[in-house]
Amino acid sequence: MPETNKTETELDAVIIGAGFSGLYQLHCLRDRLGLRARVLEMADGVGGTWYWNRYPGARCDSESQSYCYAFSDELTREWEWSERYPGHAEIRRYLNFVADKLDLKRDIRFSTKVTSAQYEAADNRWHVATDSGDRLTAKYLITAVGCLSTANVPKIPGLDAFRGQWYHTGQWPHDGVDFRGKRVAQIGTGSTGIQAAPVIAETAAHLTVFQRTANYSVPARNAPLTPEFKTYIKENFDEIRRTTRSTTNGHPFVISQRKVFDVSEEERQKIYQAAWTKGGLQFRAAFEDLLVSKDANDTAAKFLKNKIREIVKDPETAAKLSDIDHPYGAKRPPIDTDYFETFNRANVSLVDVRADPIAEITPTAIKLESGAEYPVDIIVFATGFDAMTGALLRLNLTGRDGLKLAQAWQAGPRNYLGLQIAGFPNLFTITGPGSPSVLCNMPVAIEQHVEWITDCIDHMQRNDIARIEPTEEAVNGWVQHVNDAANATLLPQAHHSWYLGANVPGKPRVFMPYTGGMATYRERCNAIADNGYEGFSLSA
Ligand code: NAP
């Protein structure tokens, strides 16, 4: 029956979001368990983060043979990636291919934003409202909203009166932006800014990069995949899958077991040089102790800072770019194509806004506290996201007894395994805070969560279980464990990191992703399920 406004559609499960997570969750619930499931998606197409992130240079940092679903041999056989790292358009093509192949789109409502969802104990259902006036109810509510989907545009005075154009990279216009002949300001030097700057510089009249925190970057060494490598992927996918599922970060390579000071200085330099030449995130796999020992990390940091000074010709610019205040890998390490080389171009300059912060945006310029002004035509905000919690809080979720998520998480996110929140029965959060999520190659983390949730729902359906929610005790234990795991690494030492929520003014500073490693986490989740969902309260 066609859905009309104000009717209440009864379903078994509502899934919010049609990216990697939502698509696979729909397939599992509808096609494996036979449930009535529907996806609600704000955009008018599938893709999730890749629907929105179409900025110049947007490309995945995971290698393509691992940045895909691994659950279906058929999908693997029929899809072929073209480059070492897939670009944003190719990933959208891939997700459309999957959605069409699995006939998913008929159960996705596009251009539909969830405005609220409320759990009612009386009927043990979630009541979901959307901006198109639809009302849906379901026993299960599953958020597949991504970790990096709520754009963070800093509240800089004067932006409203800026007479030029401005864009956030995470909400990039589908028709692109023409930079020819324009003076462009780019604010932000995270993974996004580092990808965007070299491409913007190719056509802009002038690009000024406003850097608050200098960042490490390793060359991606992107290239077309050779026919031999394409054959290797097809013939060895089982092996690739085994590796991605058994490693800490879900990547198709293994972190070395040697420690930094197990080898001589000369040997160490050779290892770093080889990793630099190979390129990509594998650099951090060169030694086992890079993220846990400051002394060990210092050797990598020194190597990478030296590389910046070698590449960048102007000594003052090189000094600003290499003045990095955190250990390598403590923030998400970017990889790049000619980022540092871009500062050797005559049409590119760097401004240090740590030393001289942005004070305001005038109708025609960016003005610093010192009074210095940079006239610009276009501002690109590569300023990141209200990560991990932003998209969940925006859903306006209300659990048992009128408990709002914003209240429950006033002091930061609290949940069990990153999967469930006390007071919010039958709500599952795919790659929620407190799970490995962003510290893992995302499709690997997503598949594990989706499959665990599917098994849990299957268990509930077969055993007539009405509700599942974690106990307070389990939540307390998990939150403590996530903190302990983070503190055993160098990651909390990057004080400006979005891992800590530090990039959004007023956001509670809590280390959000789980640093214990994907493989360990997977084992733990499986053991908990095998033990009758230990830490959860299940009721008939
Ligand atoms: P980000 O890492 O949060 O970087 C934002 C940048 O904007 C930082 O340099 C930040 O400086 C700066 N900034 C924020 N507010 C500012 C202000 N008011 N004034 C001046 N500078 C300001 O965001 P992102 O680069 O979009 O990356 C977010 C995450 O998305 C990545 O870490 C990664 O996980 C993912 N990502 C992945 C890929 C990929 O796979 N290819 C590509 C892009 C992004 P501070 O550091 O001082 O806060």
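Q: Which exposed residues does the face of α8 turned away from its buried side carry?
A: This is a predicted model. Exposed means over 50% relative accessible area. On α8, the face turned away from the buried side carries two names that pass this cut-off: E266 and K270.

Q: Which residues of α8 are buried, and within what arc do they fall?
A: Buried means under 20% relative accessible area. In α8 that applies to R268, I271, Y272, A275 and W276. Look down the helix axis: these buried residues line one face, because they fall within an arc of 135°.

Q: What covers the buried residues of α8?
A: The cover comes from other elements of the structure. It includes β10 (218–219) and α9 (294–311).

Q: How far apart are the end C-alpha atoms of helix α8, and what span should its residues give?
A: Helix α8 runs over residues 265–278, which is 14 residues. At 1.5 Å a residue, the helix should span 20 Å. The end C-alpha atoms agree with that, since they are apart by 20 Å.

Q: How much of the ligand does the protein bury?
A: Start with the polar contacts. An oxygen atom of the ligand is 2.9 Å from an N or O atom in the side chain of R212, and a nitrogen atom of the ligand is 3.1 Å from one in the side chain of Q195. Taken alone, the ligand exposes 910 Å², and the share of this that the protein buries is 89%.

Q: Which helix gives the most to the shell around the ligand?
A: There are 24 residues around the ligand, and T192 is one of those that come nearest. The helix that gives the most to this shell supplies 3 residues. It spans residues 191–203 and is α5.

Methods: Residues numbered from 1 in each chain as written. Predicted model: local features only at pLDDT ≥ 70, side-chain atom pairs only at ≥ 80, totals over all residues. Heavy atoms only, no water. Helix = DSSP H or I, 4+ residues; strand = E, 2+ residues; numbered from the N terminus. Expected span 1.5 Å × (residues − 1). Buried < 20%, exposed > 50% of the residue type's maximum accessible area, 1.4 Å probe, protein only. Arc of directions from axis to C-beta. Contact = heavy atoms within 4.5 Å. Near = heavy atom within 4 Å. Polar contact = N/O pair within 3.5 Å; in protein donor to acceptor, adjacent residues only side chain to side chain. Areas by Shrake-Rupley, 256 points an atom, 1.4 Å probe, with all protein chains shown as cover.
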